[in-house]
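Trainee: I have the sequence and the model open. Could we go through the backbone, a helix and a pocket?
Mentor: Certainly; let us begin with the backbone.

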Amino acid sequence: MVTSLATSNKGEGVQPLTQSRAWKALQAHYEQVRGLHLRDLFAGDPGRGERLAVDALGLFFDYSKNRVTDETIKLLFDLARESGLQSKIEAMFRGDKINFTEGRAVLHVALRAPKGESIFVDGVDVVPEVHAVLDRMAAFSDRVRSGAWKGHTGKRIRNVINIGIGGSDLGPVMAYEALKHYSARDMTFRFVSNVDGTDFAEAVIDLDPAETLFIISSKTFTTLETITNAQSARAWSVKGLGGDESAVAKHFVAVSTNAEGVGKFGIDTANMFGFWDWVGGRYSMDSAIGLATMLAIGPDNFRAMLDGFHQMDEHFRTTPFESNLPVILGLLGVWNTDFLGAATVAVLPYEQYLKRFPAYLQQLTMESNGKHVTISGTEVDYATGPIYWGEPGTNGQHSFYQLIHQGTRLIPCDFIGFGKSLNPLGRHHDMLLANVFAQSEALAFGKTAEQVKAEGTPDWLVPHRVFEGNRPSNTILADRLTPEVLGKLVALYEHSVFTQGIIWRINSFDQWGVELGKVLAQRIIPELESPTEPTLKHDSSTNNLIRRYRKLKE
């Protein structure tokens with residue numbers, strides 16, 4: 001299967017993307033519209049703001065402040081069709097092994113498929129397996145949340161610490177922070193990922209081991225950072241519980257597929273929650289990796305989040321491109337990256353609970369599409385994978401917005417806002433949303449020298465107060481941040497990443513780029529720990545750094 005997929009992919013890559021009919025049409029069109037300003041586009045089209053927007057699934061997506069015309073959008077849809085996007089979508093949902101470099105299906109959509117649906121991998125319907133794990137997670141969560149699950153000394157669990165890294169950390173911590181309003185406030189939730197000992201030390205500094213449960217999230221149960229932190233957690237727990245090794249079984253559970261490793265660690269394999277190799281780490285927050293999230297918000301809210309994911313999945317799979325939220329978002333990203341030359345995207349949620357959402361999207365987007373070769377193995381000659389970053393509004397306005405407004409780099413922005421606050425407090429929310437609308441307006445239209453002069457500004461100061469404008473942005477609005485809406489937002493970006501990967505002809509689902517540094521670190525660790533001076537065979541810089549560190553340790 002892998003061979004045939006690779007062969008077919010090579011066939012698809014015979015004609016370079018930049019030589020395709022649709023790409024050439026977009027390039028010619030860009031030359032025609034490159035000088036257009038959003039001021040002119042809006043002035044010449046009074047209905048633009050209403051027409052270039054989609055209202056679907058409770059999300060209102062305004063993309064009218066992008067530097068596009070109706071013709072641009074049409075040509076982008078042509079590119080999607082010429083790239084075979086619809087057939088690729090169907091292949092993913094069908095369970096084909098589209099991650100051909102690893103020989104795996106890509107089926108995070110199965111994690112949120114309702115009972116009764118069928119999705120097959122190698123002839124096996126995986127949906128019943130998914131729901132069996134969800135049911136076990138729910139039963140366990142109910143026991144912990146109710147106090148029925150007791151620790152080694154008989155005390156109830158009041159603290160939960162998730163130990164993981166990458167997708168096993170970024171997803172759960174983002175979802176916990178995003179849905180904190182719905183969480184059990186009589187419990188403490190913390191997340192440890194960094195192998196820096198400070199991360200673990202600060203997480204447990206004020207906790208009672210008798211009331212603390214650790215979730216060790218590692219598919220293989222061999223991930224260096226996670227297992228190192230898990231061993232420290234084990235030692236901390238055993239010491240705090242009188243040295244009794246059997247206490248581990250009451251204070252540790254695992255999210256893993258390595259039953260042997262879990263058992264050797266001391267965790268009862270009855271408390272091991274599994275997932276599958278067709279779930280990529282950065283797509284796993286709605287699998288058993290989300291156990292900490294379920295413990296925080298409860299099974300009902302977790303299932304509401306899954307329903308939000310599923311609604312966006314079906315929208316992506318069945319909706320015509322012209323009204324398809326992830327397709328439009330993804331195609332606009334291709335336009336901004338490859339034709340306007342934007343190297344980054346700022347994600348700006350005007351909702352404090354979404355403070356970790358930009359960090360979550362960094363892994364989702366950059367680990368997926370940070371690729372330099374096509375599916376046929378040839379070097380790309382166009383940009384892929386822009387850098388994603390951001391902070392919640394209005395904090396960012398007093399930090400990096402200066403560069404977005406008046407700097408020399410073009411930075412498209414995604415603004416995310418909500419009609420209602422989860423914590424209404426006087427005028428706060430009106431002020432917050434006023435800033436959403438004001439910032440996108442200022443980015444689009446700016447302020448001309450004539451406008452600045454008309455305000456009575458001295459001539460010498462005018463250049464400093466001019467805003468060029470013409471900076472593209474999207475605005476996404478929803479009623480309020482709920483578990484269901486969070487699921488929709490995450491799936492929106494997941495599928496926009498998929499859309500871009502198909503256009504760029506890359507494999508969005510492997511991540512070989514994370515491997516080399518990890519392999520080299522395994523070589524260097526014994527060189528740092530050796531009691532005698534090791535023989536070093538690195539480059540002169542790395543050798544010198546290792547020697548300097550060894551001296552600092554002495």
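Mentor: Arg505 sits in the loop between α21 and α22 (515-529); helices here are DSSP runs of H or I with at least four residues, strands are runs of E with at least two, and both are numbered from the N terminus. This is a predicted model, in which local features need pLDDT of at least 70, side-chain atom pairs count only at pLDDT 80 or more, and totals for chains, interfaces and linings use all residues. Residues are numbered from 1 along each chain as its sequence is written, and side-chain values use heavy atoms, with hydrogens and water left out.

Trainee: What is the phi of Arg505?
Mentor: Arg505 is not a glycine, yet its phi is positive, about 60°. This residue follows α21.

Trainee: Is Arg505 buried or exposed?
Mentor: Arg505 counts as buried because its relative accessibility is 19%; buried means under 20% relative accessible area, exposed over 50%, and partly exposed in between, with a 1.4 Å probe and protein chains only.

Trainee: And Leu57, what is its phi?
Mentor: Leu57, also a residue other than glycine, has a positive phi near 60°. It lies in the loop between β1 (53-56) and β2 (59-62), and its relative accessible area of 26% makes it partly exposed.

Trainee: Which peptide bond is cis?
Mentor: The bond from Gly393 to Thr394 is cis, with omega near 10°. Thr394 belongs to the loop between β11 (387-389) and α17 (401-406).

Trainee: Back to α21: what span should it have?
Mentor: Helix α21 covers residues 483-504, and its 22 residues at 1.5 Å a residue should span 32 Å; the expected span is 1.5 Å times one less than the number of residues. The end C-alpha atoms are 32 Å apart, which agrees.

Trainee: Why is α21 described as largely enclosed?
Mentor: Because 21 of its 22 residues are buried, α21 is largely enclosed by the rest of the structure.

Trainee: Now the pocket. What is the volume of the largest pocket?
Mentor: The largest pocket has a volume of about 940 Å³. Of the 33 residues lining it, the closest to its centre are Thr223, Gln511, Val514, Glu515 and Lys518. A pocket is an open set of points on a 1 Å grid over the protein atoms alone, with protein on both sides within 12 Å along at least five of seven lines, and lining residues have an atom within 4 Å of a point. Grid points are joined across faces, edges and corners, and the volume is the space filled by probe spheres set on the points.

Trainee: Which element gives the most to that lining?
Mentor: That is α22, with 5 residues.

Note on methods. 1 Å grid on protein atoms, 1.4 Å probe; cavity = no way out; pocket = protein on both sides within 12 Å on 5 of 7 lines; lining within 4 Å.
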